[in-house]
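User: I would like to go through the terms used for this model and see what each one rests on. Please set the values against the criteria.

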2 protein chains.
Amino acid sequence: MNAARARKQRLPALTRTEVAARDRLGELDIDLPSTTAVSNIFRAANAARNYLERKVLRDYELSFSGFTVLWVLWIDGPQETRRLAEEAGITKGTLTGVLKTLEGLELVRRTTPDEDRRLTIVHLTTRGKRRMQQVFPKFNQAEAQITAGLNNREWAGLVTGLRGVLAQIQALEDD
Amino acid sequence: MNAARARKQRLPALTRTEVAARDRLGELDIDLPSTTAVSNIFRAANAARNYLERKVLRDYELSFSGFTVLWVLWIDGPQETRRLAEEAGITKGTLTGVLKTLEGLELVRRTTPDEDRRLTIVHLTTRGKRRMQQVFPKFNQAEAQITAGLNNREWAGLVTGLRGVLAQIQALEDD
DNA sequence: ATAATATCGTTTGGGCCCCAACGAAATCAA
DNA sequence: TTGATTTCGTTGGGGCCCAAACGATATTAT
């Protein structure tokens, strides 16, 4: 298939950078629409992350990863490190450091079950639950602001596209 | 407006985590569609970044940020630190470290113009240009794989949605 | 029973990331 | 002209990030 050529006649116009890229890459056989899609994912994620950290999380002593870990524990309940890392989208090694920070803030606690002493079960403390009850509504307000420019159709298109990308990467990694 | 309610009757079905979140948050007044959109942006960006670093960039001694900086220099040409950081989506302080790494690999070089000795102009070396000519086609192939699951309509919906989010954050930060 | 293997979470090393503080250089004011 | 202000890029501190190596524990094979 040649998605590049087909897509080129399609919707969103090119930004200044994208025009410069096309000119610079004239001689190479490049699928520019893919570049546009992927680089916009990174731009949006970067901007959203920084916005949410500055406008919301900073006031509650939370990093973005720390918040994500608390969120998973809040929604899914206590669980072992391995699964928690996967749900939060970070590696086990990274999670160890994040948990040390959260434990220092007394927002989570680690326990080792007697049935299998290799495991570590992480759970929210009372303070951790309280913190999430305070911070999540604020966080959600900011999320709503960020997506306020989208109508229903655009929202659905965004989510569908992102899920498609995720599924594709998943499939590529199960090679 | 009540985007939450309107959107809820709409397209993409809820995943397991999203159902758990809805149940957990029943009593609070939360705009769940916003959470769905934002968290999928992070998930997709995370997965794409890790995939591209592992499958492509690692073989060329490049981090994702290092590659992005080289890309900007390749497309837009030599430029001062301030603008380069902005284009690459990182702070000036972070860029200093990234440039140190890239300079160690002899892929970029820094010069101070006589007209204004506060500035630093960064430009690609010959080796840097050669590296990009090698790595970008591979990178682009991986980008194409990642987005291969989208048809034209889905691609356009994704890009339009991401641009909408970016514009909204931009507007919010110019408060 | 005991040795080999597998699976935990942690540690380590190098790099990225932000913010705030800083010195150097240029510009503006008095 | 010389002091105040602005604008550079860099530095320092704390935290996040991954991959690989590691010790501890559990399981499997002999």
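**Interface and sheets**

Analyst: In this predicted model, 16 residue pairs are in polar contact between chain B and chain A, with both residues at pLDDT 80 or more. On the side of chain B that touches chain A, α1 (3-8), α2 (16-24), α3 (32-55), α4 (64-76), α7 (126-146) and α8 (152-173) of chain B each supply at least two residues. α3(B) gives the largest share, 20 residues. By class, the residues of that side of chain B are 39 nonpolar, 18 polar and 17 charged.

User: How many residues does each chain bring to the contact, and how much area is buried?

Analyst: Chain A and chain B bring 74 residues each. The area buried between the two chains is about 7,300 Å², and carbon and sulfur atoms give 66% of that area.

User: What makes the pair A:Glu173 and B:Arg54 a salt bridge?

Analyst: The term requires a side-chain nitrogen of Lys or Arg within 4 Å of a carboxyl oxygen of Asp or Glu. Between the side chains of A:Glu173 and B:Arg54 the N to O distance is 2.8 Å. The pair therefore meets the criterion, being an Arg and a Glu within 4 Å. The count between chain B and chain A is 2 salt bridges.

User: Why is the sheet of chain A called open, and what is its strand order?

Analyst: The 3 strands have the order β1-β3-β2 in chain A, with antiparallel pairing. β1 (79-80) and β2 (108-111) of chain A are at the edges with a single partner strand each, so each has one side without a neighbour in the sheet.

User: How do you know that β2(A) and β3(A) count as paired?

Analyst: Two strands pair if at least two bridges are found between them. β2(A) and β3 (residues 121-124) of chain A are joined by 4 bridges and run antiparallel, so the criterion is met. Within this pairing, A:Arg109 is opposite A:His123 in β3(A). Helix α6 (residues 92-104) of chain A lies across β2 and β3 of chain A, at about 120 degrees to β2(A).

User: What makes β1(B) and β3(B) a pair?

Analyst: β1(B) and β3 (residues 121-124) of chain B have 2 bridges, in the antiparallel sense. Pairing needs at least two, so the two strands qualify. B:Gln79 has B:Val122 in β3(B) as its bridge partner. The open sheet of chain B has 3 strands in the order β1-β3-β2, and its edge strands, β1 (79-80) and β2 (108-111) of chain B, each pair on one side only.

How values were computed:
Residues numbered from 1 in each chain as written. Chains lettered and ligands numbered in written order. Predicted model: local features only at pLDDT ≥ 70, side-chain atom pairs only at ≥ 80, totals over all residues. Heavy atoms only, no water. Contact = heavy atoms within 4.5 Å. Buried area = accessible area lost by both parts, 1.4 Å probe. Polar contact = N/O pair within 3.5 Å; in protein donor to acceptor, adjacent residues only side chain to side chain. Nonpolar A, V, L, I, M, F, W, Y, C, P; charged D, E, K, R; others polar. Axes fitted to C-alpha atoms, helices over the stretch in contact; angles between N-to-C directions.
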